[in-house]
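Q: Please take a close look at one loop residue in this model. Then work outward from there to the pockets, strands and backbone details.

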Amino acid sequence: MKTFIQCIIFAILTFTSPFLDAQEKIIVCPNELQQEWANAEIGVIIHFDMPVFHPDYNWRQFGTHPSPSTFNPSSLDTDQWIHTAKSLGAKYAVLVAKHCSGFSLWPTTAHEYSIKNSPYKNGKGDIVAEFVASCRKYGIKPGIYASTTANGFLHVDNPGLVKKGSPVTQEEYNKIVETQLTELWSNYGKLFEIWFDGGVLSQQNGGADILTLIQRLQPNSIAFQGPYGYPNLIRWVGNEEGNSPYPCWATADATTSADGVQKIKGLYGNPHGNYWCPGEADFTLRRNDSFQGGWFWRANEDHLIFSTDELLLKYETSVGRNTNMLLGLVIDKNGLVPDADVKRAKEFGDIIRKTFSKPIRKISGKGYELSIRLNKETNISRIVLSEDIAFGERVLKYKLKGLCNGKWIQLSEGSCIGHKRIEHFPTHSLSVVKLEIEEAKDNPVIKSFAIY
């Protein structure tokens, strides 16, 4: 598979003088893997680490890491985790195999701070293997998060630098990183997404050669904040609240798609950027003022779960703004998604399906104007637009209008459509709905124009 397809189209844009002035237009098109990722739309990310058993533990207090003997979930069931994700409507799941503590959920050979020295399954357990097996059982695409930038056990802090007093040198830590990533990327089959929270420390700044490793072992994965130079990168949207900026273009400048250590110039992307690097909006099922920002479980916090109305809004401001949504699920000390979270995840999935599964009308087409004519005036409050991104993001500016009591009214206007744009506006009784594209790079290709 080619890593990038660039559709370069030369067109005459305008006459600025008596002479013909031609300007190059570049339309960057995603490869098949990138299209598959966009079509997935919904994923989950699952955190399970030492803070679940030791809520007072601070990984930055080096040398205070809890003993592996205290990691002992009594009823761990990865099938239950993935069944919960399935009820939400998730198409992929990312397991946090190693968070900032440094404790590893698989029996790594890199060091001793891992599940192999815990009571779980008498040291013979491998939660990463169980997770991947459950994903394959339920038809969910598996992904793995393994932080390279932080490791409390080894006294390593962002952006992957060994601190004074560490039991290892920077060179030794780099070897540990390479060993662990090789294990994770070699022993569990093809991965749909790889997460580098906080990016990676580049080789130029003293880090490991992550780029060569991922290109060799998992070349067909999507990488969140992965190494600069890797083609299948995705980027952060700037918050953990499910609120993508608008517009949020899938194309970006080289600086925007660089590794997470480098300063990002723009969270909005760039409609004229040279790289396909879409955003992923990660947010939690529990409120951000709950334990560890809602990413980890703590007892007596079920009341801090977001309502379905709040979650639906997050869906509309993530998936509905041309990004994928990645919902954080917590695992309790027994090794299960808590009952309250299971219930709310299904309710969240149900309200998405109820709201968007049955459009009043849906059409597709090419060109700068598309209309839907109804048999009678109908109450409409949402319109969902999708470009066929196989041809790139072409639309730059549009308006939505409706015919109400014989008069045209403007319902909304915008710029970026991309894979999906959800427009939510006050209910109007309309007989015709019209999409007017005012500016585009080339002839627009609208995959779906649906009214609800």
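**A loop residue and its surroundings**

A: Asn-187 sits in the loop that runs between α4 (170-186) and β8 (193-195). The model is predicted, so everything said here applies to a prediction. Is Asn-187 buried or exposed? Its relative accessible area is 52%, over the 50% cut-off, so Asn-187 counts as exposed. Along the sequence, Asn-187 and Val-128 are 59 residues apart. In space, their C-alpha atoms are 9.7 Å apart.

Leu-313 can be read in the same way. Leu-313 belongs to helix α6, residues 308-316. Its relative accessibility is 52%, and Leu-313 therefore counts as exposed. Its C-alpha lies 9.8 Å from that of His-424. Along the chain, 111 residues separate Leu-313 from His-424.

Next, the backbone. Most residues other than glycine have a negative phi, and most peptide bonds are trans. Which residues depart from this pattern? Asn-122 has a positive phi, near 55 degrees, and is not a glycine. Asn-122 is placed in the loop between β4 (92-98) and α3 (127-138). With a relative accessible area of 71%, Asn-122 is exposed. Glu-41 also has a positive phi, near 65 degrees, and again is not a glycine. Glu-41 lies in the loop between α1 and β3 (42-47). Its accessibility is another matter: at 12% relative accessibility, Glu-41 counts as buried, because the cut-off for buried is under 20%.

Cis peptide bonds come next. One joins Asn-158 to Pro-159, with omega at about 5 degrees. Pro-159 is in the loop between β6 (156-157) and β7 (161-162). Another runs from Tyr-246 to Pro-247, where omega is near 0 degrees. Pro-247 is in the loop between β10 and β11 (251-252).

Strand β10 also takes part in pairing. Strand β10 covers residues 233-236 and pairs with strand β9, residues 222-224. The sense is parallel, over two bridges. Within this pairing, Phe-224 has Ile-234 of β10 as its bridge partner. β10 pairs with strand β13 (residues 279-284) too, again in the parallel sense and over two bridges. There, Trp-236 stands opposite Glu-280 of β13. In a regular strand, side chains alternate between the two faces of the sheet.

Now the pockets. What is the volume of the largest pocket? It is about 560 Å³. Its lining holds 28 residues, and the closest to its centre are His-99, Cys-100, Tyr-145, Asp-197 and Glu-240. By character, the lining of the largest pocket divides into 13 nonpolar, ten polar and five charged residues.

The second largest pocket holds about 430 Å³ of space. Of its 23 lining residues, the closest to the centre are Glu-41, Tyr-315, Phe-356, Lys-420 and Tyr-452. Glu-41 thus returns: the loop residue with positive phi is among those closest to this centre. Tyr-315 falls within the span of α6, residues 308-316. Which elements each supply at least two residues of this lining? They are α1 (32-40), α7 (339-356), β16 (369-387) and β20 (445-451). α7 gives the most, with four residues. The lining of the second largest pocket divides into eleven nonpolar, six polar and six charged residues. It draws at least three residues from each of domain 1 (30-355) and domain 2 (359-449).

Last, the cysteines. How many disulfides does the model hold? The count is zero. Cys-277 shows why. Its sulfur is 9.8 Å from the closest cysteine sulfur, that of Cys-248, whereas a disulfide needs the two sulfurs within 2.5 Å, so the distance is too far for a bond. Cys-277 has 1% relative accessibility and therefore counts as buried. Cys-100, listed among the residues closest to the centre of the largest pocket, has 13% relative accessibility and so counts as buried as well.

How values were computed
Residues are numbered from 1 along each chain as its sequence is written. This is a predicted model: local features need pLDDT of at least 70, side-chain atom pairs count only at pLDDT 80 or more; totals for chains, interfaces and linings use all residues. Side-chain values use heavy atoms; hydrogens and water are left out. Buried means under 20% relative accessible area, exposed over 50%, partly exposed in between (1.4 Å probe, protein chains only). Two strands pair if DSSP finds at least two bridges between them. On a 1 Å grid over the protein atoms alone, a cavity is a set of points where a 1.4 Å probe fits but cannot get out, and a pocket is an open set with protein on both sides within 12 Å along at least five of seven lines; lining residues have an atom within 4 Å of a point. Grid points are joined across faces, edges and corners, and a volume is the space filled by probe spheres set on the points. Ala, Val, Leu, Ile, Met, Phe, Trp, Tyr, Cys and Pro count as nonpolar, Asp, Glu, Lys and Arg as charged, and the others, Gly among them, as polar. Domain bounds come from an automatic or database domain assignment.
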